[in-house]
Each structure stands twice: as structure tokens, then as C-alpha cells.
Amino acid sequence: MNELPVVIAPDAVPALLDYLHSHSIARTNLVADGNTWRVLGERAAQALAASGIDVKPILLAGDEVTPDEQTVVELLLGAGREQRPYIAVGSGTITDVTRFASYCTGNDFISLPTAPSVDAYTSTGSSLVVRGLKQTIYAHAPVAVFADLDTLCAAPRPMIAAGFGDVVAKYTSVADWKLAALLWDGPYDEAVAQRMAAARDRCMAQIDAVGAAEADGIRNLIDALIEAGLCMLAFGGSQPAGQSEHYISHYLEMKLVREGRKPVLHGAKTGMATVIVARYYQQMREMSRDEVARRLAASPRPDRAAEIERIRFAYGDLTDAVIAEQAAFLDWSDADYDRLKRRVLDRWPEVQAVAAEVPSPPALTDLLERAGGTADYRALGLGDEEMAVAEEYGHYVRNRFTAMKLSRVLGLLD
Ligand SMILES: [Zn+2]
């Protein structure tokens, strides 16, 4: 399906050297921040230099980099005009800004993850914050990934727990993807869905080794995260790996950026938000077809002007961008809405079968906690009010049909 070489090894630097030499790559940029330079970048740069490769380190300022315009420009200033493949030494943020800068300058990039914290390593999209709006901007996938297991096992525990949270998110993302295919004619690929679910389940089977940061657990964790990226690549969209739970997380992330607050790890937010979405799936599992019929009969088509007011309330300055994203849902006619409702009712057994694939909220909470994470948003520094808004309005972030959109139609979400 794809030829992208992925090496997961206790010491992955020799495999990186082999790759560079076998591809006749004699010069590289190596992007890191203070932290990732200390844990892996310096060792990799020294090994490259010792084997005759001209390596140009680009050290981004500080230990916590924000994926925004400023960082991209900082990186480009460091790189200069010379053409060199990039090596991204870091977790999600450094990988995303390197992905974008290498893409824009026509260079390949190689990923050296420093933490099993996120599934973005092998994706094509750069998750960047531009003018305060979190966006996934098309760039490219790395040409190879070298995951150094020693570094990954030594990663800070919250980052490991966050990566696990991003794998837990694959319960609701895969379910939402199936729901969209069932009710909205969304594009779908059963083989990719199965591949994503299998990688997720292999990781879940190693949960205690993940919680203890043991090599077997971390190997399965980084494998699931890399697989998620490869699934997105194979499908050509983020559907396999990020849906409602990610939109709740994106909403919160944009709010944190806008308010200049301390960031919360992506996977910590998506894992926590998975438990929220699972509550809606649980309600669907428990809902009889008669009750669905009653609820649908009482469900009016959302009024465009009222919807725009809701978006304005939750998104403020970003309202225009969100309205553009939501066109498919803002512009539907009564006939469109009736057709959707009829389909929900006709296909309710299939909807419930999809809902049955999502573990219960307590089961998901237990998974997160065993891996060292939490389902408690307060422990992540988030407040009751903003959490309620994220739960209710997060689905406006993207134009996909998800469990939260269906919950809206069923009157579970107002
Ligand atoms: Zn994610």
C-alpha cells in the first residue's frame, strides 16, 4: 500500500545512517528544540557528522514550541536557501512545522519521534495554528520514520499517557467514520478501518506495559500511532484517526491559544474527549427504535440564522471560517433533513451495531488511567464552562457527520 520505511528499534540511529548513505544523502538539516536536542538530536547529529554527513542543526527557541506562523518562519530563517532534506527530531509540533517547511521548500523530511505522544508522525497534514485558527494544512508525509525505542521509553510519562489517549480516540474515530458512511454517504474503506482497529487493539492488549513505560508496551504504542498516520495516508483523509473527539479537543486547543494559556497535550485532550463522545454512543446503544422515531418526529431542521448565532457564540472571531466549513449542514433543505431522519430510523440497528464497538465511558476512563492518563478535564486545567461549550459546539470545527451531529438530530445535544 505504501513503501514508507518505518524502523522501530532500541537504537534507531544506525538505521537512520544506513538510510541516508544508501540514498546518497550527504547533507541534511536537523530540526530540534532544546529538549529534543538533549534527548536525541545531539546524539543523532554527532553520529551523522561522524559518518561524514554535513548536518546543519536548526534549534528552535525554548523547550516548548508552538506550531504557528512564528515558528515556521524561525525554522525557515534557520534553514536558509540551501536545498537539504530535513530531519525532524521531536514530537508532534516539531514534526508538523518541519513537515510544512520542508514541503514548502521542496525538500523531503525524515521523522525521528522523541515521544510516543501523537499519531501525527506519518500523516500528510500539518496541524498548524494560523491567525489563531487551528488548521490541518496539506503538506507531505515523511520519507522514512526511525523510532528510537530507548528515547521513547524515557519520554515524560504524561507524553506517553497522551499518546495512549490518542490511540483510545480510535474507538470513537472509527465509529464516527462508519456512522458517516451509514447515514451521510461519507467515503469509507473497510480494510483501512480494520487495520486501524487492529493496531489500536494490539496497543490496548499491552496497556499495563504502556503504563510502566516498558519496551513492549511502548513498541505497540508507537506502532499504533504510526499505523494511524499510515491509515490516514492510505485513505487520504483523517477519518480513521480523528473525529468528534478530536473536534472537541481542537476547540479547546484554539481557546487555549487565543487566551494565551498553557497548552494541554493533544492526546490528553483527545483521550479525555473520547470518554465524552462515548457517553453519546452509550445513549444510542440504549435507545429503542420507538424512542428514536419519537425523537426524530420532534426534531426540527436547524435554522440557518440560529445556527450562525450558535457558531458566533462559541467561535467569536473565527465565525466566518466556521460558517464556511459548515456549509453542508447550514444549507440543507427540509427535504435533505427528512431524508437523513428517515435513514437514521431505517438503519437504526446498524447504528447501534456501530455504537456497540465503542467501550462504555467507565471502561474508557479505566484504560486512560491505567496508562497514566485521566478522563478528568479539571486535572488537565480545563474549566466546567468551557468543557460544556466544547462538548456542545466542538462539532462545528469540521464538516463531517459524526456521533455529535447525530446526537444533535436526536435531541441529545442542545
Ligand atoms: Zn490525534
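Q: Is Glu307 buried or exposed?
A: In this predicted model, local features need pLDDT of at least 70, side-chain atom pairs count only at pLDDT 80 or more, and totals for chains, interfaces and linings use all residues. Residues are numbered from 1 along each chain as its sequence is written, and side-chain values use heavy atoms, with hydrogens and water left out. Burial is judged by relative accessible area (buried under 20%, exposed over 50%, partly exposed in between, with a 1.4 Å probe and protein chains only). Because its relative accessible area is 7%, Glu307 is buried.

Q: Which residue meets Glu307 in a salt bridge?
A: A salt bridge here is a side-chain nitrogen of Lys or Arg within 4 Å of a carboxyl oxygen of Asp or Glu. Glu307 and its partner both lie in helix 14 (residues 304-315), 3 residues apart, about one turn of the helix, where helices (H or I, at least four residues) are DSSP runs numbered from the N terminus. With 3.7 Å from N to O, the side chain that meets Glu307 is that of Arg310.

Q: How many residues apart in sequence are the parts that Glu227 and Arg195 tie together?
A: Glu227 forms a salt bridge with Arg195, and their closest N and O atoms are 2.9 Å apart. Since Glu227 belongs to helix 10 (residues 215-235) and Arg195 to helix 8 (residues 190-205), the pair ties together parts whose separation in sequence is 32 residues.

Q: What is the arrangement of the 4 donor atoms around the zinc ion?
A: Donors are N, O and S atoms within 2.8 Å of the metal (3.2 Å for Na, K and Ca), and as water is not among the atoms, sites may look incomplete. The zinc ion is coordinated at 2.1 to 2.5 Å by two OD entries of Asp166 together with NE2 of His246 and NE2 of His266. Four donors count as tetrahedral if all angles lie between 85 and 135 degrees, and as square planar if opposite donors are over 155 degrees apart and all others between 65 and 115, while anything else is irregular. Because the angles subtended here are 54 to 144°, the arrangement is irregular.

Q: Which helices do the buried residues of helix 17 pack against?
A: In helix 17, the buried residues are Tyr337, Leu340, Lys341, Val344 and Leu345. They cover an arc of only 135° around the axis (taken from the directions from the helix axis to the C-beta atoms), which puts them on the same side of helix 17. With contact meaning heavy atoms within 4.5 Å, these buried residues pack against helix 7, helix 13, helix 18 and helix 21.

Technical notes: Helix = DSSP H or I, 4+ residues; strand = E, 2+ residues; numbered from the N terminus. Tetrahedral: all angles 85-135°; square planar, octahedral: opposite > 155°, others 65-115°.
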